[in-house]
Amino acid sequence: MTAKRILSDMRILYLEDEAIIALETTEILRDIGFEDVRVAYSLDGVEKALQGDLPDVALLDINLGHGRTSFELGRSLVGSGVTVVYATGYSASSLPGDLNAMVIEKPLSAAMLEDALRTALGAEDERRVTGAAH
Amino acid sequence: MSSTDKPVPAAADLAPPVIVGVGASAGGLEAFQTLLATLRPNDDFALILVQHLDPEHDSLLPELLSKRTQLPVQAITDGMVVKAANIYLIPPGVALEIADGVLRLVPFDAPRGQRRPIDLFFESLAADQGMNAAAIVLSGTGSDGSQGVRAVKEAGGLVFAQLPQDAKYDGMPRAAVATGAADMVLPVGEMMSVLRDFHNRQTGLVPALESDAEFIGKVVRNVRYRTGHDFSGYKNGTLLRRITLRMSVLGLNAPADYLRELVQNRDEASRLFRDLLINVTSFFRDLDSFETLRDVAIRPLLEGKGPDDEIRIWVPGCSSGQEAYTLAILFAEEMARSDAKPQISIFGTDIDDEAIAQARRGHFANAIAGEVPQPWLDRYFTATRQGYDLKAEIRDMVRFSVQSLIKDPPFSKLDLVTCRNLLIYFDSDLQDLSMRVFQYALVPGGFLMLGSSEAAPIDGEGFSPISSEHRIYRRTAAPARPLDLPRSFRPARDSRRRKDDAETSLPMPLPVAQALLTRHAPPYMVLREDDIELVGPGAERFMRVQTGKPSLGARALILPELEPALKRLLTGLSLSGAPYRKIEVELPAHGGTGERLEIGAEVLPTGERVITFVTLADARAPRPAADGSDGEARISVDETYVSQLEDELENARHTIRTTVEELETSNEELKSSNEEMMSMNEELQSANEELSTTNDELQSKLKELAELNADLANFMESTQIATVFLDRDMRLRNFTPEATTYFRFAEQDRGRDIRDIGAKLDIGRVTEVCQGVMTRGTPAEFELTSTDGADLSVRVAPYRSEGRGQGGVVFSIFDVSKVSRYAREAATALDEARESGAEVEGLYRTSPAAMGLVDENLRFLRANPQLGAITGLKADSHLGQPFGEIAPTLAELVPILRQVLDRGEAKLGTVIHGPLAEDGSRRSWQVDVYPVRQSGHEVVGFNITDVTQLLELEADLRRIMRELQHRVKNMLSNVIALVKRAGREKGDPKQIFDTLTARILALANTHRLLTAENWSSTALQDLIDLELIRVYGRDRVELRGPAIRLNARATLAIGMVLHELSTNAAKYGALSRPEGNVSVRWSKIDDGDGEVFVLRWTERGGPEVREPERRGFGSQLVESMITGSLGGNLRMGWEPDGLTAVIEVAWDVATEVDYDSEADPLGHADPVPGR
């Protein structure tokens, strides 16, 4: 399988509690090429957004208000083989080291987001290729 | 015993140790010390010291003596085994004996003052050790030890006595010397070397000498020459041992040296003679034998004897008489049981005149109590202080004389001879001679008893055995064999000397005189006094040895027939005073005709008397008595002469009787006073012993006093204190040199009134105080200033003295100028120290920090109350407690404290965490530890500051910074999202830009509201006021609802929704016309599923409304805000009257404060560890 996958074939989970940002970023994700974008504004909303589907990739905002973070969800997704990219207003260096995911800092630009997602997916594919070769 | 392959030292080692008994009394300590000091570490003697000790006191002797020797010194306990190279000490209050080499402590049976522990021990030592024993008598009063040394000597041991001049008290040494038993009399310091020498000689030299029979022969000849006693028939072994002893006593090695000593020293022969006499005897030795003797000999002898009969008994070699007395007792017993009362004559003889003298005294030591059966002891002895005296009835039965069995003529007509353990010392020739003597002396049928170990040959001719077992024999009727006694030998030195004198004055040539004397002179003899000095040729014819005690007396030796004549001749010669008398005598010849003799006697100028015997020609015709001459038997009787003699005799008898009676009386008196003297002597001795002890004590006290005095004198000379001694009258008695600083004292001022002597101080005041002190008897102290300005302190004390009326005062002067200055300085320094101490104390008490001080063992020296807040103890309870155990929180500081203690460098800024003991809350502290030097010790101080708040503040600050960063970024993200969104809009750019600006502004307003409320919540009223009333006026907006506070999220969402709705109303709805208005109502309702916040937006009075065909960004924003961000519902009603919007959000989502300043989503970044 080639490293290039068609983003439109992919399902992306986007978790963001800020409605304005969520609206704009959803547009950007569509601009990048994602057709199936599942937006959730809170952890409670993730299940509803996914409707039982497992995403191929997830873009998760870390701080979800009320002291809640998306680390648990992210680890669970990584465990299920989902490529996870975190977005945060904190500096990336102050985050836990066991996330097994790419972290990008807010504010997000379209180019930055695309680059990050593609890189994450590419790395994920490579890992899968080498894993299959064994 | 010694084989050639055996090394000599081994043989020496095998020899048993010499056991040396040492006796001493007063002055003994010194003598013991001197004696022990001469011991060498390798000496293998066992020394047993016997001292008269006070039974009431513990003896210090072991302690005092052990300092003088390296050999072990031990106090004797009962049953102790004597070992070589050890020193043993008798304990107080008991007597000491030795048996089989084991020491026994036994109680005294004599009362105090009559005890003779030294004699007791020496006697048992002699019995137990024999030749292996040695006895030493040292300083002491009295005579204890003198009997004991005799026993030791008799047993073959060695006896030393301290030289009386060397002894502190010479009583005991002198008594020991007087017994004649002392082998050597010498200073204490030389005894050990002599003893050592003898010991070595015994183990080394004896075999070499043993073969030298020639040497022994020479010695014996010398002894015979000097003493007249011939030991040539004695066994060589016995002789050699005794000679060796003398040689070692004299320190001589070569036999030749000893022979020279014998020749040169006249006394040595008699010393050796004494040593050769072996005086071992006892009462009833071998009782069985004596019982047998009684049955087989004594009873038959007594049978049928009347008072006129005489039984004659001879005990040759009787020594000190025990055996002779034993026989006397046996005879007395038997005679008491029968009617026979014959005369009993027992003759005890010995060549040792000292032993004979002792035998005659009839006094015996206590030891005989074990030998004589008790009934006889009671019956025949009288107990005295020193032992037992024989009663006169036994004593009178025995006669003692000095006589030699082998040299002197024997007794005759004897019924019994006992001779026990004498012949064993003789060789066979002498033994044979002895047997002939006994045969000669005994009547036929007489009895002979020999010793049980005697192997005297009984050849069957002279004796027949009665009891072989007990060596009792009976003389047969066979005629006695001829006696061939050795020639009497007398020292001839006197006669030789006289002969030399005669030679020089002889008026004729010597050969002529010799011829005349041998051929022409009548038989003659020369008398000195009554003893025969010289017997001329042929004179022996007129002489015969008599039975009984032999003597050189002329009357004893002359023929008995001639004896009366000689007696009259000599008596007449001495009575008349004439130089010459003669007498005619008819001598009846043996078995034939007699002969007439003329016996002449002449007194020579030198005092000797010459007796001549001239045979007269006609023996048969008796001639009338010549003038001045008489004859025996047929002597004409001179009546006057006879009556004169009888008168004289009567007178003499009378005188003798009177004298005897007087003597007896005075003897009794003497006896009783002697007894008194004896008892006084004992008391005096006791007192003397005690006095000598006291004297010793006083001497040591005196020595101490002298030392003290010297100390005091030195102290006086060297002391830097001015001290003055005054008597009661204020006269100067003594002063220290330093006192001349204040007084112009001179040596001659002693005795002067001190007020008359110049002084640098107010002497009037001093004496005043002194007198006060004397009166009160208590010390006083005062201060004054000397004339040269020094501050002086004077201390006056009463002078205490034992003597009454002495006393006075002693005062000392101290210059306290310097002291006062120092005292002032010290007071200042003390004040300063006290202040700084108080400051430190205050600091400790008030400092917010916990403070403390620990010593080098990390135990608390100090702690302030604040420390108690951490440890939970009171400040004082810390003191002395170990730092590490007082609170777990502090335990981790222990290594740091140690480090500071070791390196001496402060360690600051350590942070620790733990619970506060006061309330259990977790706290953090900063600890500073620093070294402190306190009175020479390194200790450690520490401060503990509570930094909990500081650290929390720091953590808060960090979190806030992070939050700020998050919000700013979020806000920028929002703005960027709006801007980007606007970039996608199509239409008039100016309108798009205005809309964007209005949105960003609305966002900013909402933020301002939230920030003003600390980002927690805002009043819904304020939000509406901001978005609607300020923009469109109060009259166009109708508000209705309760006061509600929205949380931050709801504020942002509702604020944005109100902005979009009002913007839309102003553009297309009710607010686009002047008459239009908006109603906003809100409430909290409970729809059954939970409380819900409901807000209703209603527009009225605007243009007709239609649902737009395309939803703009504003609509999307509103919807995503409500449904997305808040999870609520939004219903839009496009009614012709105007737009209606209903917003429903769960109550708690809208109102619950969602921003918790304590909650930090990134908890791992907390800067405070351990929390």
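**Contacts, packing and cores in a predicted two-chain model**

Reader: In this predicted model, at what angle do helix α9 of chain B and helix α11 of chain B pack, and how is their arrangement described?
Author: Helix α9 of chain B covers residues 213–227 and helix α11 of chain B covers residues 255–264, and their axes lie 10 Å apart. The two helices pack at an angle of about 10 degrees. Because angles under 35 degrees fall into that class, α9(B) is described relative to α11(B) as roughly parallel.

Reader: Which residues of α9(B) and α11(B) meet, and how do the residues of this contact divide by character?
Author: From α9(B), the residues Phe215(B), Lys218(B), Val219(B) and Asn222(B) meet Pro255(B), Leu259(B), Leu262(B) and Val263(B) of α11(B). By character, the residues of the contact of α9(B) with α11(B) divide into six nonpolar, one polar and one charged.

Reader: Which element gives the most residues to the side of chain B that touches chain A?
Author: The contact takes 30 residues from chain B and 24 residues from chain A. On the side of chain B that touches chain A, the elements giving two or more residues are α30 (948–984), α33 (1048–1067) and α34 (1113–1125) of chain B. The residues of that side divide into 11 nonpolar, 11 polar and eight charged. The element that gives the most, with 14 residues, is α30(B).

Reader: Which element gives the most to the largest nonpolar core?
Author: The largest nonpolar core has 75 residues, and those with the most contacts inside it are Ile12(A), Ala58(A), Leu60(A), Ala1053(B), Val1057(B) and Met1121(B). A second, separate core of 66 residues includes Ala24(B), Leu71(B), Val73(B) and Val188(B). In the core of 75 residues, the element that gives the most, with 10 residues, is α33(B).

Reader: Is Gly600(B) buried or exposed, or does it lie in between?
Author: Gly600(B) has its place in strand β23 of chain B, which covers residues 595–603. Around Gly600(B) there are 19 other C-beta atoms within 10 Å. Because a buried residue needs 20 or more such atoms and an exposed one has 12 or fewer, Gly600(B) is classed as partly exposed.

Reader: How many Å apart in space are Gly600(B) and Thr612(B), C-alpha to C-alpha?
Author: Not counting residues up to four places away in sequence, Gly600(B) touches Tyr580(B), Lys582(B), Ile611(B), Thr612(B) and Val614(B). Although Gly600(B) and Thr612(B) are 12 residues apart in sequence, their C-alpha to C-alpha separation in space is 5.0 Å.

Note on methods:
Residues numbered from 1 in each chain as written. Chains lettered and ligands numbered in written order. Predicted model: local features only at pLDDT ≥ 70, side-chain atom pairs only at ≥ 80, totals over all residues. Contact = placed C-beta atoms within 7 Å. Helix = DSSP H or I, 4+ residues; strand = E, 2+ residues; numbered from the N terminus. Nonpolar A, V, L, I, M, F, W, Y, C, P; charged D, E, K, R; others polar. Axes fitted to C-alpha atoms, helices over the stretch in contact; angles between N-to-C directions. Parallel < 35°, antiparallel > 145°, perpendicular 65-115°, else oblique. Core = buried A, V, L, I, M, F, W, Y, C linked by C-beta atoms within 7 Å.
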